[in-house]
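Visitor: Hi, could you walk me through this one? I'm new here, so plain words please.

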Amino acid sequence: MLKIYNTLSNSLEEFKSRVEGKVNMYVCGPTVNDVPHLGHARMQVNFDIVRKYLKFIGYDVRFVSNVTDIEDKIIKKANDLGISIKELTESNLKEHLDDYAAIGVDKPDIQPRATEYVKEMIELVKLLDDKGFAYVVPEDGVYYDVSKFADYGKLSGIDLTQLRSNRELRDESKGQGKKDNKDFALWKFSKEGEPAWDSPWGPGRPGWHIECSAMSYSILGLPLDIHAGGQDLIFPHHEDEIAQSEAGYGGKFCNYWMHNGMVNIDKVKMSKSLGNFTTIKDLLKQFSGEVIRYFVISAHYRKPIDFSIDKLTEAKTSLDRLKGLIQNIEDDGKVNAEAIDEFKKAMDEDLNTAGAINVLWKLVRSNKEGIIGAVKKMDEVFSLKLFEKDEIELPLEVSDLLDQRKEARENKDFALSDKLRDEIKELGFIVKDSKEGQTVSRI
């Protein structure tokens, strides 16, 4: 039985979907003010694994992940570059989609853009206003009155008395004239040079937090089965989503909250402000998407991971060796049920991919039946392309030995053929013979 660590309860809980056999899952998607980095890669891979595992165990998954294509950082970046917001967001969105595909992440079933759901956002703000949870700050915007929502802080567990510095640092607007520093923007009145939509309070644009509430409700209904994102979104973004959704729509917003750990660069949190972030595109110049994916899933999704080129190189070596072992196992047409059970046991404990990878390694090193069949099943979740052969750059010495061995076999000198095979193996490569001839892979 699948168990998920629920951030809301701070405990491991048995997973039960709202509708039997179906899962509605909403993952906070990218803000397309820039190209994607390793932090995006981690979140995308982690929740792609969750989605694929839910399908693996029989659920019909409806997976929604939004695109934030209007907010302060986007407006500033477009102005700095002297280009339109649409030009900036379309270009960066393509980068995100291309890079996510390169690391084996499936496209969402639905990928709504914030600018497509402004009408629904206005409707939610109107609900909150009518119910007394919102108020207007002249020449600024419409704000959520946190004091009216008794459960504010239940997701993050944040000390509300310490909220002042956190809110000022994390919120996109300090909101001069707010009743309380805890309050956050639902609707921002238009400023010169900014895009604007008509609303009951005047022209403006949505606050950042409102979009996910409106889109998830409109597309999936409430409560969501799973809402996911990085740990940095717990406060204020997800906390604010709960407050505005439960106050506006009524009832529970989400049953299970999942959050992945942060990426550290040499033990320091990766951050654009520190200038220590690495783009996916740059990594793909040195490593395949499968290596990046293998690196990510080799750690539990809730734990921080420490990134370095050396660690990614280690991941490449490990994945190459794993694929080499798999490619030298004959497919007997069976599926090892015991290995699949062990795989599921690991994954059922809060999506323990590190434990599941260990099950895979244990299997390929064994002499059991049904190895290849079981590996194929596991790779439905891992998406490591374990059966795709990488192009191998052979040292000249190995190429010469392969030519000599081919000639020896043509002359039926099998003793020499075996001797040359052993010499090739000592150089780190394995040769297999088939009707098509010799094939070589790394040990």
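Guide: Happy to! Of the 443 residues of the protein chain, 52% count as buried; buried means under 20% relative accessible area, exposed over 50%, and partly exposed in between, with a 1.4 Å probe and protein chains only. This is a predicted model, where local features need pLDDT of at least 70 and side-chain atom pairs count only at pLDDT 80 or more, while totals for chains, interfaces and linings use all residues. Residues are numbered from 1 along each chain as its sequence is written, and side-chain values use heavy atoms, with hydrogens and water left out.

Visitor: How many helices and strands does the protein chain have?

Guide: There are 15 helices and 15 strands. Both are DSSP runs numbered from the N terminus: helices are H or I with at least four residues, strands are E with at least two.

Visitor: And what does the C-alpha trace span along its principal axes?

Guide: About 90 × 50 × 35 Å.

Visitor: Let's switch to charges. How many salt bridges are there?

Guide: The structure holds 37 of them. A salt bridge is a side-chain nitrogen of Lys or Arg within 4 Å of a carboxyl oxygen of Asp or Glu.

Visitor: Which residue does Asp331 meet in a salt bridge?

Guide: Its partner is Lys376, at 3.5 Å from N to O. This pair links distant parts of the chain, 45 residues apart: Asp331 sits in the loop between α10 (309-327) and α11 (337-348), and Lys376 in helix α13 (residues 371-382). Asp331 is partly exposed at 43% relative accessible area, and Lys376 is partly exposed at 42%.

Visitor: What about Lys368, which residue does that one pair with?

Guide: Lys368 forms a salt bridge with Glu338, and the closest N and O atoms are 3.8 Å apart. Lys368 lies in the loop between α12 (353-364) and α13 while Glu338 is in helix α11, so the pair ties together parts that are 30 residues apart in sequence. Lys368 is partly exposed, with a relative accessible area of 36%, and Glu338 is partly exposed too, with 46%.

Visitor: Which residues are joined into one network by salt bridges that share partners?

Guide: Those are Asp48, Lys52, Asp106 and Arg293.

Visitor: Okay, on to the surface. Which residues form a negative patch there?

Guide: Glu397, Asp400, Asp403, Glu407 and Glu410 do. Patches are made of residues with over 30% relative accessible area and no salt bridge; like charges are joined within 9 Å, and nonpolar side chains (Val, Leu, Ile, Met, Phe, Trp, Tyr) within 5 Å. Accessible areas come from the Shrake-Rupley method with a 1.4 Å probe, and for residues only the protein chains shown count as cover. Lys and Arg count as positive and Asp and Glu as negative, leaving out His and the chain ends, and a charge is placed at NZ of Lys, CZ of Arg, CG of Asp or CD of Glu.

Visitor: Where is Asp400 found?

Guide: Asp400 is in helix α14 (residues 396-410). With 37% relative accessibility, Asp400 counts as partly exposed.

Visitor: Now the backbone. Where are there cis peptide bonds?

Guide: One joins Leu222 and Pro223, with omega about 0 degrees. Another joins Phe235 and Pro236, with omega about 5 degrees. Pro223 is in the loop between α6 (210-220) and β9 (224-230), whereas Pro236 is in helix α7 (residues 234-249).

Visitor: One last thing: is Lys412 buried or exposed?

Guide: Lys412 counts as exposed, at 63% relative accessibility. Lys412 also has a positive phi of about 60 degrees although it is not a glycine.
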